[in-house]
Amino acid sequence: MNDKNLIWFGENAFSHLKTFIAKGDYSSIFFVVDENTHDLCLPYLLQSLGDLPRCEVLEVEAGEDTKSPEVLVQLWMVMSELQADRHSLVVNLGGGVITDLGGFLAGTYMRGLPFVNIPTSLLAMVDASNGGKNGINLAHYKNRIGLFQNPEAVCVIPDFLETLPEEEVRSGFAEMLKHGLIADAEYWKELVEFDIAEEVPTEEMIRKSIAIKQEVIDKDFREAGPRKVLNFGHTIGHAIESLSLETDSPLLHGEAIALGMIAETHLSQKYTALSDPEAEEIRSVFEEIYHDVSFLAEAEDLMNVIQGDKKNRGDELRFTLITNIGNGVVDVPVSKEDIIEAMSLTKILA
């Protein structure tokens with residue numbers, strides 16, 4: 001498999017993909033979709049690609065619950081029954097759930113098949129589809145089972161964003177804001193001035209977010225150290241998201257991460273000397289964009305999930321925090337008491 005994936009943008013992406021498939025001499029192609037991308041995106045993709053080897057469509061339900069061991073086993077069985085072999089190609093067409101699940105499916109079937117990601121959500125374009133992380137959830141732990149394997153290529157088609165509801169675009173925007181906070185103060189300013197309620201991010205902005213993430217990953221593909229900077233907001237955010245999935249009104253990933261970044265901004269003030277003015281700026285930006293996002297949970301329930309976070313070492317709770325806008329730091333030990341205080345200040349404790 002490639003150490004780095006190819007990334008193709010815009011209207012030329014499908015022509016690149018068509019050439020790639022022809023050169024690959026694949027025995028079959030398995031398209032992983034959910035019910036939304038099956039109807040809204042797959043017909044356009046198939047029309048654009050023209051003549052293909054034998055094709056099969058693996059359709060799953062939309063939503064985070066699909067990233068489960070049970071669904072994965074079903075997909076393994078179907079691929080086996082349809083005689084997928086080591087010369088088959090997997091094409092994941094969808095948002096972060098599909099690229100995570102489909103990447104893990106491809107990476108584990110017959111010890112690894114090549115796969116291509118075609119992200120259809122903003123979140124997947126700027127985050128989930130690139131970087132080589134593939135995984136499924138285990139109980140209420142996000143991405144507890146997974147592997148590192150890059151797709152052969154990623155096709156970023158901004159036109160697909162026109163199929164998304166406003167809240168899905170806003171969810172992906174949270175990850176873009178994170179990229180500015182951890183790595184690029186000028187990019188943060190550009191994003192703050194952008195009206196996400198009225199516009200869809202441009203291809204140039206999507207390229208910038210991908211470039212920031214890729215620069216981090218190039219230094220540390222398997223997340224031994226520097227790559228952890230991409231987890232700002234995610235320790236508390238993943239706990240919020242995990243518990244919200246057990247309710248009748250689950251939060252979108254970016255909504256939960258936005259709350260997580262507010263809480264972890266409080267921790268950054270206390271542990272990494274983030275200035276009060278910058279902290280206030282960060283909180284005001286998130287509170288303005290995500291003003292209608294709320295969640296309440298018991299501190300004990302949130303802490304139970306946080307204590308199982310992958311970044312921890314033994315009993316030490318470790319966070320990615322920021323020293324200033326544009327600079328993140330990793331592996332900061334944080335006390336349980338301060339985590340609870342930060343969550344209280346973020347008004348997520350019942």
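Strand β8 has A153 and C155 pointing one way and V154 and V156 pointing the other, and all of them are buried. "Buried" here stands for under 20% relative accessible area, "exposed" for over 50% and "partly exposed" for anything in between, with a 1.4 Å probe and protein chains only. The general rule is that side chains in a regular strand alternate between the two faces of the sheet. Strands, by the way, are DSSP runs of E with at least two residues, while helices are runs of H or I with at least four, and both are numbered from the N terminus.

A quick word on what you're looking at: this is a predicted model, where local features need pLDDT of at least 70, side-chain atom pairs count only at pLDDT 80 or more, and totals for chains, interfaces and linings use all residues. Residues are numbered from 1 along each chain as its sequence is written, and side-chain values use heavy atoms, with hydrogens and water left out.

Back to β8, which covers residues 153-156 and runs parallel to β1, joined to it by 4 bridges. Follow the partners across: I7 is bridged to V154, and F9 is bridged to V156. On β8 you'll also find β5, again parallel, joined by 2 bridges. There, N117 stands opposite V154. Two strands count as paired if DSSP finds at least two bridges between them.

Now zoom out to the whole sheet. It is open and has 6 strands, in the order β1-β8-β5-β4-β2-β3, with parallel pairing. What stands at the edges? β1 (6-9) and β3 (54-60) do, each with a single partner strand, so one side of each has no neighbour in the sheet. From one strand to the next, the twist averages 20 degrees.

Helices lie on this sheet too. Helix α3 (residues 42-49) lies across β2 (28-34), β3, β4 (88-94) and β5 (115-119), and runs at about 155 degrees to β2. Helix α4 (residues 69-81) also packs on the sheet, where it touches β2, β3 and β4, and its direction makes about 160 degrees with that of β3. For these angles, axes are lines fitted to C-alpha atoms (for helices, over the stretch in contact), and the values run from 0 to 180 degrees between N-to-C directions.

After α4 comes a loop leading to β4, and Q83 sits in it. Q83 is not a glycine, yet its phi is positive, at about 60 degrees. Is Q83 buried or exposed? It counts as exposed, because its relative accessibility is 63%. A273 makes a good companion: its phi is near 60 degrees, also a positive value in a residue other than glycine. A273 lies in the loop between α11 (253-271) and α12 (276-289), and it is exposed, with a relative accessible area of 65%.

For a contrast, try N134 in strand β6 (residues 133-138). N134 counts as buried, at 6% relative accessibility. Setting aside neighbours within four places in sequence, its contacts include T99, D100, F104, F115 and L147. Contact means heavy atoms within 4.5 Å. N134 and I340 are 206 residues apart in sequence, and their C-alpha atoms are 30 Å apart in space.

Next, look at a pair of helices. The axes of α10 (residues 234-244) and α13 (residues 299-306) come within 9 Å and cross at roughly 115 degrees. The crossing is right-handed; the near helix is turned from the far one by less than a right angle, clockwise for right-handed and anticlockwise for left-handed. On the α10 side the contact is made by T235, I236, A239, I240, S242 and L243, and on the α13 side by D301, L302, V305 and I306.

Further along, β9 (residues 318-324) and β10 (residues 327-333) pair in the antiparallel sense over 5 bridges. N324 has N327 of β10 as its bridge partner. The two strands form a hairpin with 2 residues between them, and G326 in the turn has a positive phi of about 105 degrees.

Finally, the overall picture. The chain comes to 14 helices and 10 strands. Its C-alpha trace spans about 60 × 40 × 40 Å along its principal axes. Buried residues make up 57% of the 350 residues.
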